[in-house]
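Got your viewer ready? Load the model below and follow along, one selection at a time.

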Amino acid sequence: MNVLQAFQDAIVNRLEKFVDKNREESRIDKSYSCDKEKRIAEWGEINGIKSRLEIVYVEGAGRGAIATKDLKVGDIALEIPVSIIISEDIVHQSDMVCFLIWLSFGVAAIVALDGTLLLEEIMQAKEHLRNHYDELVPALCHNYPDVFPLELYTWEQFLWACELWYSNSMKVMFLDGKLRTCLIPIAGFLNHSLHPHIIHYGKVDSITKTLKFPLSRPCSIGQQCCLSYGNFSSSHLLAFYGFIPQGDNPYDVIPLDFDAGELDPMEDCPVSSQTTHMVRGTWLSKNHNLFHYGLPCPLLNFLRRARSPTLHTKTITQSNLEIEIEILEVLQSTFNNMMENLGDTDPVDRENATWDVKLALEFKDLQRRIVSSILTSCDSGLKLVQNEFSRSVVEE
Ligand SMILES: C[S@@+](CC[C@H](N)C(=O)[O-])C[C@H]1O[C@@H](n2cnc3c(N)ncnc32)[C@H](O)[C@@H]1O
């Protein structure tokens, strides 16, 4: 028996079981004809694209690709000749349907984001782009009005082009070893999933001179075939692609910055050394026992060291338990503040809200859910430690 094959089958089986449990249904809207997309697919075929996918309209995600036959692990869903990959740095204006993303969010959506770190990120990204625009575009329009007519190169159009570029481009490693950000015909129709079919792509094959999209898990005929855009948090997907993926995203984290405030050994004075820890929704953790509480070990160890520099042995002693109470209380107070900043559920008529406000509210709900799980874990952790503490006092 081929051991490697058996091993691969076992892995695929486990993957499929996991995906079955977390299945995301994509509904295909058959009323949308996708004529333009069909024409692009025909053009692609003439130009050497080999595809086992068909472009359709997927509810809630725009266009997407479904498998035209049962595809198994290792099958190539899509193969694109390098000659038709667009690697220019300039995105021209076109009448293509495009999803606007966070950069062009309205005021109401920005207001709805109050209390989240994403608000700050988006404002910074927008400012950064505005500086680029101011440095570049007016001078180009003034010096080369025939090439850059002012009416086409407005701030709104520039923002739109940036959004298009961020949400549709992919990084490709070419045969000269250079990594370039590109627009890739047909592949640009593939949507992202937390349980993607295609994970390993992005390097041009030196023999065929094509970019291949092989399957890492099977995709049945008619099923949406999804890519992984990368191991991105929902805030990144929202900021750069304009959507929040369905399901539990293991890359959703809440960053916690600490000033370690260590002493400079040479000068004997405090130096500010920032450390950042990441905390996920604690429902993703398996260990909720004493000394773990479903919280990340590096964070707990960092807080323990800050209280007692001696090695923490995770043994049940009264002094260790006192430290545990202290660090859980610190986390509880930090996350309580965070929850207060996020505020209560927003009093907005969600049904009738605009798409951007809906997304903003969905994102805030997600943040609340993560913070709330951390608070619940701190709370049950504290009870656990206090019980142990009382028991050890009685035993003494
Ligand atoms: C590379 S394009 C994919 C094709 C796109 N659906 C279209 O109609 O052009 C990336 C964009 O697709 C949408 N998208 C991708 N994955 C999605 C998902 N899982 N849920 C919702 N929208 C998604 C987002 O608007 C994103 O900016």
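**Stop one: a helix pair**

Select Leu-299, Leu-300, Leu-303, Arg-304 and Arg-307 in H7, then add Ile-323, Glu-324, Glu-326, Ile-327, Val-330 and Leu-331 in H8: these two sets meet, where contact means heavy atoms within 4.5 Å. Helices here are DSSP runs (H or I, at least four residues), strands likewise (E, at least two), numbered from the N terminus. This is a predicted model, where local features need pLDDT of at least 70, side-chain atom pairs count only at pLDDT 80 or more, and totals for chains, interfaces and linings use all residues. Residues are numbered from 1 along each chain as its sequence is written, and side-chain values use heavy atoms, leaving out hydrogens and water.

Now show H7 (residues 297-307) and H8 (residues 318-342) as cartoons: their axes come within 10 Å and cross at roughly 115°. Those axes are lines fitted to C-alpha atoms, for helices over the stretch in contact, with angles running from 0 to 180 degrees between N-to-C directions.

**Stop two: along H8**

Stay on helix H8 and pick Gln-332. Is Gln-332 buried or exposed? At 18% relative accessibility, Gln-332 counts as buried (under 20% relative accessible area; exposed is over 50%, partly exposed in between, with a 1.4 Å probe and protein chains only). Leaving aside residues up to four places away in sequence, Gln-332 touches Leu-375, Cys-378, Asp-379 and Leu-382.

**Stop three: helix H1**

Jump to Ile-11, in helix H1 (residues 3-21). Ile-11 is partly exposed, at 44% relative accessible area.

**Zoom out**

Show the whole chain: 9 helices and 12 strands, with a C-alpha trace spanning about 85 × 70 × 55 Å along its principal axes. Of its 396 residues, 39% count as buried.
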